[in-house]
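I am keeping this notebook to record what I looked up in one structure, entry by entry. The sequence and the model come before the entries.

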Amino acid sequence: MLTLLADYSHLFGPLNLFRYITFRAAGAAATALFFVFFFGPAIIDALRIKQGKGQPIREDGPASHLLTKKGTPTMGGLMILSGLLVATVLWANLKNSYVWIVILVTASFGAIGFYDDYLKVTKQSHKGFSGKARLALEFLVAGLACYALTTVGGDNMTKLALPLLKGYAFSLGWLFIPFGAFVIVAAGNCVNLTDGLDGLAIVPSMIAAGAFAIIAYLVGNSIFSDYLGVNHVAGTGELTIVCAALIGSGLGFLWFNAPPAQIFMGDTGSLALGGLLGTTSVAIKQEFVLVIIGGLFVLEGASVIVQVASFKLTGKRVFRMAPIHHHFEQMGWTEPQIVIRFWIISFVLALLGLSSLKLR
């Protein structure tokens with residue numbers, strides 16, 4: 001809404017700042033950060049009272065988790081989403097369709113995750129929502145979002161760009177909708193699987209959001225996109241504000257999620273964050289770059305797939321425990337070692353993803 005102030009810049013010159021994406025992105029990050037920081041304690045207290053015993057801990061997980069994490073409230077994703085939504089509404093251009101598509105997917109995935117968390121807390125079971133039903137809902141939301149993207153972006157939206165190849169893209173046609181939906185759903189669930197240790201999912205999500213904020217700004221600018229040889233998608237520059245808001249709300253949440261965590265983000269947060277990153281990558285036509293920047297999430301998801309497939313086919317496990325961060329716990333790594341080392345990996349992968357824009 002604050003973008004409307006730019007219309008009065010002829011009366012007061014400094015209001016012209018509200019035209020600039022970079023200024024509004026900084027404002028969105030700061031707004032989301034302070035919103036979560038100041039309202040976080042009240043939200044945590046309310047969730048602790050409502051949930052009582054907190055999030056149930058997997059009995060087949062690391063034994064230390066039963067001692068250190070038992071009784072911690074979940075659904076902390078509500079804090080992230082509230083800060084994200086408030087900041088986006090204030091600082092983004094609400095006439096931009098891409099902003100609404102990404103926000104609606106984020107909110108929808110958050111709602112699906114919230115219901116899953118609700119069932120886990122009320123039933124005191126880690127099983128929660130039916131896996132098949134949850135995936136069906138996620139694909140429905142993602143499919144509708146991809147269809148909406150085609151109506152906004154036209155034929156340009158159905159093209160698939162390959163990293164390292166300048167100016168080359170081929171049209172997927174109607175296959176874009178199932179392909180895009182798969183990217184969004186996969187991103188949501190991979191981030192969800194990564195959320196197993198304090199701070200493990202939120203920082204890589206912020207790092208990925210920072211990388212995509214830069215890419216969205218470049219892709220949305222015809223001059224920069226032409227120079228880099230990437231597909232120009234008019235209007236996607238506004239997604240920089242959404243990504244910046246995620247960074248701000250993530251920093252605020254990390255204040256309370258730093259070990260020992262006062263609250264877990266739960267599926268409410270992890271599904272929403274993954275959905276946001278996935279939808280952003282599809283909107284700015286950087287689906288393959290998502291695999292690089294979100295490589296840590298891909299590794300976590302792949303470790304579960306490999307573990308399940310290996311056990312069903314051979315009766316043997318590849319990892320001591322999946323997702324892979326639990327494997328390292330079983331090897332004797334401490335939780336801070338795993339979390340910080342995974343943060344470093346995420347940062348390096350983000351740099352590689354950004355460098356792929358120029359290596360064309």
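**Entry 1: the chain as a whole**

Among contacts in the protein chain between residues at least 6 apart in sequence, what percentage join residues at least 24 apart? I found that 75% of these contacts do so, where contact means heavy atoms within 4.5 Å. I note that the model is predicted, that local features need pLDDT of at least 70 and side-chain atom pairs count only at pLDDT 80 or more, while totals for chains, interfaces and linings use all residues. I also note that residues are numbered from 1 along each chain as its sequence is written, and that side-chain values use heavy atoms, with hydrogens and water left out.

I looked up the secondary structure next and found 14 helices and two strands in the protein chain; helices (H or I, at least four residues) and strands (E, at least two) are DSSP runs, numbered from the N terminus. For the overall dimensions, the C-alpha atoms fill a box of roughly 60 × 45 × 35 Å along the principal axes. The protein chain has a radius of gyration of 20 Å, which agrees with the value near 21 Å for a compact globule of 360 residues. This radius is taken over C-alpha atoms, and the globule rule is 2.2 Å times the number of residues to the power 0.38.

I then turned to the surface, where the accessible area of the protein chain comes to about 16100 Å², with 70% of it belonging to carbon and sulfur atoms. Such areas come from the Shrake-Rupley method with a 1.4 Å probe, and for residues only the protein chains shown count as cover. Of the 360 residues, 52% count as buried; buried means under 20% relative accessible area, exposed over 50%, and partly exposed in between.

**Entry 2: one position in a helix**

I chose Val191, which has its place in helix H6 (residues 176-194). Val191 counts as buried because its relative accessibility is 1%. Which residues does Val191 touch, not counting those up to four places away in sequence? I listed Ala201, Ser205, Ser270, Leu273, Gly274 and Phe297. Val191 and Leu273 are 82 residues apart in sequence, yet their C-alpha atoms are 7.3 Å apart in space.

**Entry 3: aromatic rings**

How many aromatic pairs does a search of the whole structure find? I recorded eleven, with the rule that rings of Phe, Tyr and Trp (its six-membered ring) pair if their centres lie within 6.5 Å, and that planes under 30 degrees apart count as stacked, over 60 as edge-to-face and the rest as tilted. The ring centres of Phe18 and Phe23 are 5.3 Å apart and their planes are at 90°, so this pair is edge-to-face. Phe18 is buried at 13% relative accessibility, whereas Phe23 is partly exposed at 31%.

Phe37 and Phe38 also form an edge-to-face pair, with 5.5 Å from centre to centre and 80° between the planes. Phe37 counts as partly exposed at 31% relative accessibility, and Phe38 is exposed at 57%. I found that Phe37 and Phe38 belong to one aromatic cluster together with Phe34, Trp255 and Phe256.

I also looked for a charge over a ring (NZ of Lys or CZ of Arg within 6 Å of the ring centre and within 35 degrees of the ring normal). Arg341 lies over the face of Trp333, at 4.6 Å from the ring centre.

**Entry 4: cysteines**

I searched for disulfides (pairs of cysteine sulfur atoms within 2.5 Å), and the structure holds zero. For Cys146, the nearest cysteine sulfur is that of Cys190, 16 Å away. Cys146 is buried at 0% relative accessibility.

**Entry 5: backbone exceptions**

Most residues other than glycine have a negative phi, and most peptide bonds are trans. Where is Met75, which has a positive phi of about 65°, placed in the chain? I located Met75 in the loop between helix H2 (63-68) and helix H3 (77-91), and Met75 is buried at 5% relative accessible area.

Lys285 has a positive phi of about 60° and lies in the loop between helix H10 (266-283) and helix H11 (287-293). Lys285 is buried, with a relative accessible area of 0%. Finally, I noted that the peptide bond from Ala322 to Pro323 is cis, with omega near 0°, and that Pro323 is in the loop between helix H12 (295-314) and helix H13 (324-330).

Conventions: Buried < 20%, exposed > 50% of the residue type's maximum accessible area, 1.4 Å probe, protein only.
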